[in-house]
Every structure is written in structure tokens, then in C-alpha cells.
Amino acid sequence: MNARIFRWVLLGALASVLAWLAFWWPRSPTVAVLGMALGLCGLGLQLGLQMLLMRRVARAAGAPVPPARVALAAWWAEWGQAQRVFGWRVPFGEQAEPDGWPAAGQGGGQVGVVLVHGYLCNRGFWAPVLRALKAQGIACAAVTLEPGQGQSIDAMVPSLDACARRMAQATGRAPLIVAHSMGGLAARAWLRQLPPEERAALVAHVVTLGTPHRGTWLARFAGRLPGLQMRQDSEWLRQLPAAPPEVPFTCWWTACDNIVFPWPAATLPGSAEQALGDVAHVQLAFDARVWRFCLALRQRLQGGLG
């Protein structure tokens, strides 16, 4: 569903730019070019507004506020990353990168990695990570959470359940779950539905990246599910249990997060946390420091030391 949404958005944007050029070029080429440039910068302007709001809200809440130059660098990098994710991978690359399922009889004893995307995304989000993990011979799979827009996060649980069960069956080991943004809430909702005796068999550890465990200020502008569930102190979040004792969580957050703010929005009481100060929301999922941690954690889990 999210792929179709972004394809239509991109098609509409292209049609608007072409209509603008067709109308204004004969009258004023300067106006035509300036209008087109403004349209092409729309995503960057939106991200910039989010950064400004984040700094203002964080300051008012007494939360960490990144220096202006750090926030500016994060905004610039996020603009490039967001164009790759929402301009190509999500709308057109959902199935471009296959999962790295182990060959029959060759996956025994390996801790696999299950990747869970966030709001308005699909498994195409994780294409570079899938390639990197497969290059290292690591069993890995990325799930598309369906249904998408207009549905509760609880309705997405079966997609994650099926992927995690398949990975556990293929490797004989509980996988490491790495979840970005809303994906971390889907993981918690899934664990809530599992019997306690199944949790440790299906999940070795959950790493969440910029997940709005306590809701996010920005979700006040959401008008439908699942965005409504990510509002601060939403009824759905209040009813969602913290990390179960059978499954450890590590929560990553960043002071430059332009979507999930203010701190401690991306932290979960009773769980370990890791912090960065110089990357924005989407960048966090691909940061080298995050993945050094995840791969080291997987290695410990492999040796039974998780």
C-alpha cells in the first residue's frame, strides 16, 4: 500500500512541475525555473521545518538540543537519504533486494536478523542493509508490515510474526529483531500477543531505532491510524506493556531526530539505551555506529552471551 501511495505522490508531483513549466515558460522562463526549483526543494523544506520544530520543542521540554551546525548537517544528510528512500526504494524497490534465507540444511545454529520498517515504508527501506548482511553470510529478512495506512499497528502483527517464525525455523535459533521507528511498536505489539513461553524462542533481542515508545510530539498532526496511536500518551501506548522479561530491548535515539521527539520519546523504561547526537530519523537506521553495535550484539547472541 505504501508503495502505491508514494508512486501516486511522485506522479502527481511530476505532473504539477510539468504543468507549471508549460504554463509559465512562454510567459516568464525565470518564474518557471524558480517555481520548479521550489517544488523540487519541497522535501527539504519539510525536513527543515521538522528540524526547527524539534529544536524548539526540545528546548521547551528541557531535552537535549543539538547545536545549530550539527542540526544543519543532519538536515542536509537526511534530505539526501530521504530522497533515496521515498523517491526510489519505497515506491519502486520493495522487492528489488531479496531476503537472505539460508539454504536448506545450512542455516542451523545461526542467529538471523529480521528487519522491520517504520511508518509509510515497506521492506524496500532496508535494501542496503540486506545487501550488506548477505555479503557477510548472515541470514536476514525484511518484512513489509501490512495492512498499511488507516489500520491499527496491531493489524500489522501477523506480517512480523510470519517472518520471525520462518527465520527461527530456518536457522533453529531465535532471531535478532532490528526495528526502525513504528516498527519497534509493531514488535512490542507482537510480543504482547505471544505466550510467554514462545517469546524467547522467537526473539533473541530487539533493537529499536528511533521508535516512539512514549509517543512523539509530531503525531499531534496525525489524522488517522496508525499515526494516532503514536501520539504522546495515546490510549494505545498506555495499554502497550513495556519490554517483557523474556526478551531484552536496546533503544537507540538521536538528539537530531526530526520525527520522534523530544527525548525521552524513543526510550523504553527498563530497557538499555544508546544515543547519538548528529543524525536524523531515517539516517539512524543506516548509521555505521548502529550497525557495528547490532553486529557485535548478534555475535554475542551467536555465542549464547546475549
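Start with the largest pocket of this predicted model, which has a volume of about 1,300 Å³. To find its middle, select Phe6, Leu43, Gln46, Phe86 and Leu120, which are the closest to the pocket centre among the 42 residues that line it. Next, colour helix H1 (2-24), helix H2 (29-40), helix H3 (42-61), H4 and H10, since these are the elements that give two or more residues to the lining of the largest pocket. Which element gives the most to this lining? The answer is H3, with seven residues.

From the pocket, turn to the aromatic rings, of which the structure holds 14 pairs. Select Phe125, Trp126, Phe286 and Trp291 together, and you will have a cluster that is linked by ring pairs. Keep phenylalanine 286 on the screen and add arginine 89, whose charged end sits over the ring of phenylalanine 286, 5.2 Å from its centre. A second arrangement of this kind appears when you select tryptophan 101 and arginine 166, where the charged end of arginine 166 sits over the ring of tryptophan 101, 3.9 Å from the ring centre.

The next stop concerns charged side chains. Side chains of opposite charge can pair when their charged atoms come close. How many salt bridges does the structure hold? There are ten salt bridges in the structure, and three of these are worth selecting one after another.

Begin with lysine 134 and glutamate 97, which form a salt bridge whose closest N and O atoms are 2.7 Å apart. Lysine 134 lies in helix H5 (residues 127-135), while glutamate 97 lies in the loop between helix H4 (68-92) and strand S1 (113-116), so this pair ties together parts that are 37 residues apart in sequence. Is each partner buried or exposed? Lysine 134 is partly exposed, with a relative accessible area of 28%, whereas glutamate 97 counts as buried at 13% relative accessibility. Now add Arg131 to the selection, and you will see that Glu97, Arg131 and Lys134 are linked in a network of salt bridges.

Move on to aspartate 161 and arginine 165, whose side chains meet in a salt bridge of 2.9 Å, taken from N to O. Both residues belong to helix H6 (residues 157-171), and because they are four residues apart there, about one helical turn separates them. Aspartate 161 counts as buried, at 17% relative accessibility, and arginine 165 counts as partly exposed, at 30%.

Then select arginine 289 and aspartate 278, which form a salt bridge with the closest N and O atoms 2.9 Å apart. This pair links distant parts of the chain, with arginine 289 in helix H11 (residues 288-302) and aspartate 278 in the loop between strand S6 (272-276) and helix H10 (281-284), eleven residues apart. Arginine 289 is partly exposed, with a relative accessible area of 31%, and aspartate 278 is also partly exposed, with a relative accessible area of 36%.

Finish with the cysteines, where the count of disulfides comes to zero. Select cysteine 121, which is in no disulfide, and then cysteine 163, whose sulfur is the nearest cysteine sulfur to that of cysteine 121 and is 16 Å away. A disulfide would need two cysteine sulfur atoms within 2.5 Å, which is why cysteine 121 and cysteine 163 do not count as one. Cysteine 121 is buried, with a relative accessible area of 3%, whereas cysteine 41, the last residue to select, counts as partly exposed at 31% relative accessibility.

How values were computed: Residues numbered from 1 in each chain as written. Predicted model: local features only at pLDDT ≥ 70, side-chain atom pairs only at ≥ 80, totals over all residues. Heavy atoms only, no water. Salt bridge = Lys/Arg side-chain N within 4 Å of Asp/Glu carboxyl O. Buried < 20%, exposed > 50% of the residue type's maximum accessible area, 1.4 Å probe, protein only. Phe/Tyr/Trp six-rings, centres within 6.5 Å; stacked < 30°, edge-to-face > 60°. Lys NZ or Arg CZ within 6 Å of the ring centre and 35° of its normal. 1 Å grid on protein atoms, 1.4 Å probe; cavity = no way out; pocket = protein on both sides within 12 Å on 5 of 7 lines; lining within 4 Å. Points joined across faces, edges and corners; volume = space filled by probe spheres on them.
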